[in-house]
Amino acid sequence: MQDPKRLAANGHEQYFAKTADKIFTAPGRVNLIGEHTDYNDGFVLPVAINFYTAIAASKRDDRRIEAIALDEAAGKVSFCLDEKMQLDNEQPWSNYLRGVIAEMQSAGLLLTGANMVISGNVPLGAGLSSSAALENVSAAALTGLSGEALGGRQAALFGQAAENNFVGCNCGIMDQLVSALGESGKAMLLDCRSLETRMVAMPADCSLIIVNSNVKRGLVGSEYNLRRQQCEQVAAHFKVKALRDLSLQQLRAEQAQIDPVAYRRALHVISENQRTLAATEALSRGDLTLMGELMAASHSSMKDDFEITVPAIDTLVSIIAEVLKGRGGVRMTGGGFGGCVVALVATELEQQVLHAVEQKYYQQSGLKADIYVCQASAGAFSSS
Ligand code: GLA
């Protein structure tokens, strides 16, 4: 596969007949554990990955944005920075760019017009945050060209606000924040309430494998927003700000008073917060056995209590778990209803895992998996 930076740079020369002033990048992410905890003010443990989106950009003398997405059919948009940003149903990818511009301008950042050519290799619609990568790289490119200072936390908040206010997805902060501030060779424990981070070195002799189930994700937006409402319903019952503020004991004591579905949603979130903190310790000690147990418990909780897995994903997880036998972990990663599983495995098992997926997944599900062996990588705004 060709390097997105080179593709974007070449595209810029081709479409704008000059060399780009600068090339900007932002990575996708995979979450090791801590699913649907971010919008409950909880904890997540994601990693920025070596799949990313690049923008080759140059300054314009007028107030226009001329943006071309090389990976989209006829993916060209042209608009003025002084227009009110409107949703574009014909070029939906551009809504991430437009939303970030709207948020940055309403925060008072002074942006200049730009030519932008975009290319990326984060698999689209696979739950690996290609949209957060596009938001962050757009923010980096536009502030970079305009000479406005922008830190990673603020960029992530702009990206999340673009999703919440412009695109219409009530996502949390995880994807944007790790894509902005991830570090090479490290996972990030993020406290989604304070936005404090603790970087944890990925253990040596361990491989990070992502397997894309290639299940077409349906209903993601509506089911996602529904899960969020159910969580908020339980927090409101207890009159607390978020599920982060509740213990399992408090939840159990009120079980009879809570709608049974909402109860199971909360059970997942509160137990997942505990697992995420325990997994951070396990990872920092290089304890792949405990990590494996926690990832397995996380998967079961997503399957039975949060109900966001699908049969093909459960099949993939079983195929990989059978190989690992405690020497690593595997679980669904991301928002759910398809997408990818993440496995953290002793490197000596890497080939066996790949082999088992190739041998069994198609046979059992009728779908072909894509496998990415990844590295933990630097975020768009981090120095490492
Ligand atoms: C999506 C959202 C994130 C997070 C995950 C689930 O990726 O964008 O904010 O809620 O789902 O953990």
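**Stop 1: the ligand**

Start with the ligand in this predicted model. Select Arg29, Glu35, His36, Asp38 and Tyr39, which are among the residues around the ligand. Then add Cys171, Gly172, Met174 and Asp175 from that group. Finish the selection with Tyr224 and Gly335.

Now zoom in on three of these residues. How far is a polar side-chain atom of Asp38 from an oxygen atom of the ligand? The distance is 2.5 Å. Next, click Glu35. An N or O atom in the Glu35 side chain sits 2.7 Å from an oxygen atom of the ligand. Then click Gly172. Here the backbone takes part: one of its N or O atoms is 2.9 Å from a ligand oxygen atom.

**Stop 2: helices α3 and α5**

Keep Asp175 selected. This residue is around the ligand, and Asp175 also belongs to the contact of α5 with α3. Show helix α3, residues 130–146, and helix α5, residues 174–181. Their axes come within 9 Å and cross at roughly 55°. Because of that angle, α3 counts as oblique to α5. The crossing is right-handed.

Which residues make the contact? On α3, pick Ala132, Ala133, Glu135 and Asn136. On α5, pick Asp175, Gln176, Ser179 and Ala180. Colour them by type: you get three nonpolar, three polar and two charged residues.

**Stop 3: helices α3 and α4**

Stay on α3 and add helix α4, residues 152–167. The axes of α3 and α4 come within 9 Å, and the crossing angle is roughly 120°. So α3 is oblique to α4. α3 passes α4 in a right-handed crossing.

Select Ser131, Glu135 and Asn136 on α3. They meet Ala155, Ala156, Gly159, Gln160 and Glu163 of α4. Glu135 and Asn136 should look familiar: they belong to the α5 contact and to the α4 contact. By type, the α3–α4 contact has two nonpolar, four polar and two charged residues.

**Stop 4: helices α8 and α9**

Move along the chain to helix α8, residues 260–284, and helix α9, residues 288–304. Their axes lie 9 Å apart, at an angle of about 165°. Why is α8 called roughly antiparallel to α9? The label applies because angles over 145 degrees count as roughly antiparallel. This crossing is left-handed.

Select the α8 side of the contact: Arg264, His268, Ser271, Glu272, Arg275, Ala278, Ala279, Ala282 and Leu283. Then select the α9 side: Leu290, Met291, Leu294, Ala297, Ser298, Ser301, Met302 and Asp304. Colour by type once again. The contact of α8 with α9 divides into nine nonpolar, four polar and four charged residues.

Terms used:
Residues are numbered from 1 along each chain as its sequence is written. This is a predicted model: local features need pLDDT of at least 70, side-chain atom pairs count only at pLDDT 80 or more; totals for chains, interfaces and linings use all residues. Side-chain values use heavy atoms; hydrogens and water are left out. Axes are lines fitted to C-alpha atoms, for helices over the stretch in contact, and angles run from 0 to 180 degrees between N-to-C directions. Helices (H or I, at least four residues) and strands (E, at least two) are DSSP runs, numbered from the N terminus. Angles under 35 degrees count as roughly parallel, over 145 as roughly antiparallel, 65 to 115 as roughly perpendicular and the rest as oblique. A crossing is left-handed if the near helix is turned anticlockwise from the far one by less than a right angle, and right-handed if clockwise. Contact means heavy atoms within 4.5 Å. Ala, Val, Leu, Ile, Met, Phe, Trp, Tyr, Cys and Pro count as nonpolar, Asp, Glu, Lys and Arg as charged, and the others, Gly among them, as polar. A residue is near a molecule or strand if one of its heavy atoms lies within 4 Å of it. A polar contact is a pair of N or O atoms within 3.5 Å; within protein, one must be able to donate a hydrogen and the other to accept it, and residues adjacent in sequence count only if both atoms are side-chain atoms.
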